[in-house]
Amino acid sequence: MDERVAKPLPPQTPDWLPFYEAAARGVLSLPRCQQCGSFRFPPRPVCPNCLGKDFAWQPVSGRGEIWSYVVMHQVYHPAFADEVPYAVVLVRLHEGPKMLSRLIDVAPRAVQIGAAVEATFLPAGNGLYLPFFRLAAGPAT
Ligand SMILES: [Zn+2]
């Protein structure tokens with residue numbers, strides 16, 4: 001019997017579908033307010049900057065910097081038992097919004113605030129692709 005436990009997945013409600021469709025193509029896409037031009041994340045019906053309701057999904061760079069992070073040493077969910085320690089990062093995207101994700105391909109002790117990162121997309125189960133981040137060459141800005 002396979003005793004592996006599936007990892008929890010993020011919301012898959014209709015307002016998230018354009019995000020996942022773009023992620024499956026290796027593109028980070030965010031809702032952009034049609035009144036003030038600001039990007040927002042997570043998807044929500046009203047712009048937090050101007051309260052505008054009109055928006056359009058638009059590809060973004062996928063680049064940003066580590067705004068904050070935590071290294072997980074404790075196993076809080078059995079599906080992650082083989083992965084500790086790992087770094088959970090809050091990335092401030094160049095376009096403004098912040099996004100929680102994982103930093104991959106680097107030892108957790110090497111994580112630094114302000115480090116330049118770029119998104120990469122990995123299968124997360126159930127046909128879903130999610131953005132993870134890697135250290136990027138060059139400056140964060
Ligand atoms: Zn707005």
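**Core and zinc site of a predicted model**

Me: In this predicted model, how many residues does the largest nonpolar core have, and which residues have the most contacts inside it?
Reply: Within the largest nonpolar core, the residues with the most contacts are Phe 19, Leu 30, Met 99 and Leu 103. At least two residues of this core come from each of helix H1 (17-24), strand E4 (86-93), strand E5 (98-103), strand E6 (116-125) and strand E7 (128-135). The size of this core is 25 residues.

Me: Leaving aside its neighbours within four places in sequence, which residues is Met 99 in contact with?
Reply: Met 99 is one of the residues with the most contacts inside the largest nonpolar core. Leaving aside its neighbours within four places in sequence, the residues in contact with Met 99 are Phe 19, Leu 28, Leu 30, Phe 41, Val 89, Leu 90, Val 91, Leu 93, Pro 131 and Phe 133.

Me: What is the arrangement of the donor atoms around the zinc ion?
Reply: The protein donors are the SG atoms of Cys 33, Cys 36, Cys 47 and Cys 50, which lie 2.3 to 2.4 Å from the zinc ion. Because the angles that these four donor atoms subtend run from 100 to 116°, the arrangement is tetrahedral.

Me: How are the donor residues of the zinc ion spaced in sequence, and how many residues apart are the parts that Cys 36 and Cys 47 tie together?
Reply: The spacing of the donor residues along the sequence is C-x2-C-x10-C-x2-C. Cys 36 and Cys 47 both lie in the loop between strand E1 (29-33) and strand E2 (55-59), so this pair ties together parts whose separation in sequence is 11 residues.

Me: Which zinc donors count as buried, and which as partly exposed?
Reply: Buried means under 20% relative accessible area, so Cys 33, at 3%, counts as buried, and Cys 47, at 1%, does as well. With relative accessibilities of 34% for Cys 36 and 28% for Cys 50, the donors that count as partly exposed are Cys 36 and Cys 50.

Me: How many disulfides does the structure hold?
Reply: Four cysteines, namely Cys 33, Cys 36, Cys 47 and Cys 50, serve as donors of the zinc ion through their SG atoms. As for disulfides, the number in the structure is zero.

Me: What is the radius of gyration of the protein chain?
Reply: The protein chain has one helix and seven strands, which run α-β-β-β-β-β-β-β from the N terminus on. The globule rule gives 14 Å for 141 residues, and the chain's value is close to this, so the chain is as compact as a globular protein of that length, with a radius of gyration of 16 Å.

Terms used: Residues numbered from 1 in each chain as written. Predicted model: local features only at pLDDT ≥ 70, side-chain atom pairs only at ≥ 80, totals over all residues. Heavy atoms only, no water. Donors = N, O, S within 2.8 Å, 3.2 Å for Na, K, Ca; no water. Tetrahedral: all angles 85-135°; square planar, octahedral: opposite > 155°, others 65-115°. Helix = DSSP H or I, 4+ residues; strand = E, 2+ residues; numbered from the N terminus. Buried < 20%, exposed > 50% of the residue type's maximum accessible area, 1.4 Å probe, protein only. Disulfide = S-S within 2.5 Å. Core = buried A, V, L, I, M, F, W, Y, C linked by side-chain atoms within 4.5 Å. Contact = heavy atoms within 4.5 Å. Rg over C-alpha atoms; globule rule 2.2 N^0.38 Å.
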